[in-house]
Amino acid sequence: MDVYEVIGKRRDVRAEFTGAPIDDEVLRRVLGAAHAAPSVGMSQPWDFVLVRDPDTRAQFHQHVHGERAEYAATLTGERAATFERIKIDGILESTLSVVVTYDPHRGSPSVLGRHAIADAGLYSVCLAIQNLWLAATAEGLGVGWVSFYREEYLQGLLGIPATVRPVAWLCLGPVDRLQEVPDLERHGWRSRMPLDQVVHHERYSTHTG
């Protein structure tokens, strides 16, 4: 696949993981792609925690579903019914999880390019995550980003220092297929906006219609 095919094929995977093993060399290529991402001041502020232990994953899964229930309690009517049908994670079904963290002190005290935009380091970590996601897709793997968690809980679960921020818990592994239509669109939660609706020329403008 060329890069545009990979971008179009990429999905946030929940239900399609098979649990089959990942070849060590494939995993290393995927992590290598993440580590090759650009970063502000060449700070490379990411780390990757590989989580395979079933007990750890079960504990995190329980926490995530507690947060899911808390969010569900804020919904009513059609929104509540739609959300009930949506699977939010593949923590137990995927082969392993990759927790990506952000260390704001990496490269300090003078991170080139970050003096005016403090979040530039966090953006760098997101670029690493996108690299990982696209590389995994090119390798025939699925990735699912779990976002229903409290950062302090994940720090405690994995022994992440208080100065290091967990940015993403990614479920990773072989899949039986990748959905052609994203889950949230298939379930009627939201649809993708047309490109022209988000493109501005020269100055930000408020679109109408």
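1. Let's begin in helix H7, where Asp183 and Arg186 sit three residues apart and are therefore separated by about one helical turn. In this predicted model, their side chains meet in a salt bridge, with 2.6 Å from N to O. The two partners differ in their surroundings: Asp183 is buried because its relative accessible area is 14%, under the 20% limit for that word. Arg186, at 38%, counts as partly exposed. Elsewhere, Asp47, Asp103 and Arg106 are joined into one network by salt bridges that share partners.

2. How many salt bridges does a search of the whole structure find? The count is ten. One of them links the side chains of Asp12 and Arg14, at 2.9 Å from N to O. Here Arg14 is the buried partner, with a relative accessible area of 12%, while Asp12 is partly exposed at 28%.

3. Another salt bridge to look at joins Arg177 and Asp176, at 3.2 Å from N to O. Asp176 has 51% relative accessibility and so counts as exposed, since the word applies over 50%. Arg177, at 45%, is partly exposed.

4. Now turn to helix H2, which covers residues 24-35. Its twelve residues should span 16 Å at 1.5 Å a residue, and the end C-alpha atoms are indeed 16 Å apart. Which residues of H2 are buried? They are Val26, Leu27, Val30, Leu31 and Ala34. Looking down the axis of H2, you will find these buried residues within an arc of 130°, so they line one face of the helix. A general point helps here: an α-helix has 3.6 residues a turn, so residues three or four places apart point the same way.

5. What do the buried residues of H2 pack against? Their partners are helix H5 and four strands: E1 (46-51), E2 (96-102), E3 (141-146) and E4 (165-174). On the other side of H2, Asp24 and Arg28 are exposed.

6. Helix H5 deserves its own look. Running over residues 120-138, H5 has 19 residues and reaches 27 Å from its first C-alpha to its last, close to the 27 Å expected. After H5 comes Gly140, which has a positive phi, near 80°.

7. Finally, visit the surface. Met193, Leu195, Val198 and Val199 make a nonpolar patch there of about 350 Å². Val199 lies in the segment after helix H7 (183-186), and its relative accessible area of 32% makes this valine partly exposed. That value passes the cut-off for patch residues, which need over 30%.

Technical notes:
Residues numbered from 1 in each chain as written. Predicted model: local features only at pLDDT ≥ 70, side-chain atom pairs only at ≥ 80, totals over all residues. Heavy atoms only, no water. Patch = residues over 30% accessible without salt bridge, like charges linked within 9 Å, V, L, I, M, F, W, Y side chains within 5 Å. Areas by Shrake-Rupley, 256 points an atom, 1.4 Å probe, with all protein chains shown as cover. Salt bridge = Lys/Arg side-chain N within 4 Å of Asp/Glu carboxyl O. Helix = DSSP H or I, 4+ residues; strand = E, 2+ residues; numbered from the N terminus. Buried < 20%, exposed > 50% of the residue type's maximum accessible area, 1.4 Å probe, protein only. Expected span 1.5 Å × (residues − 1). Arc of directions from axis to C-beta. Contact = heavy atoms within 4.5 Å.
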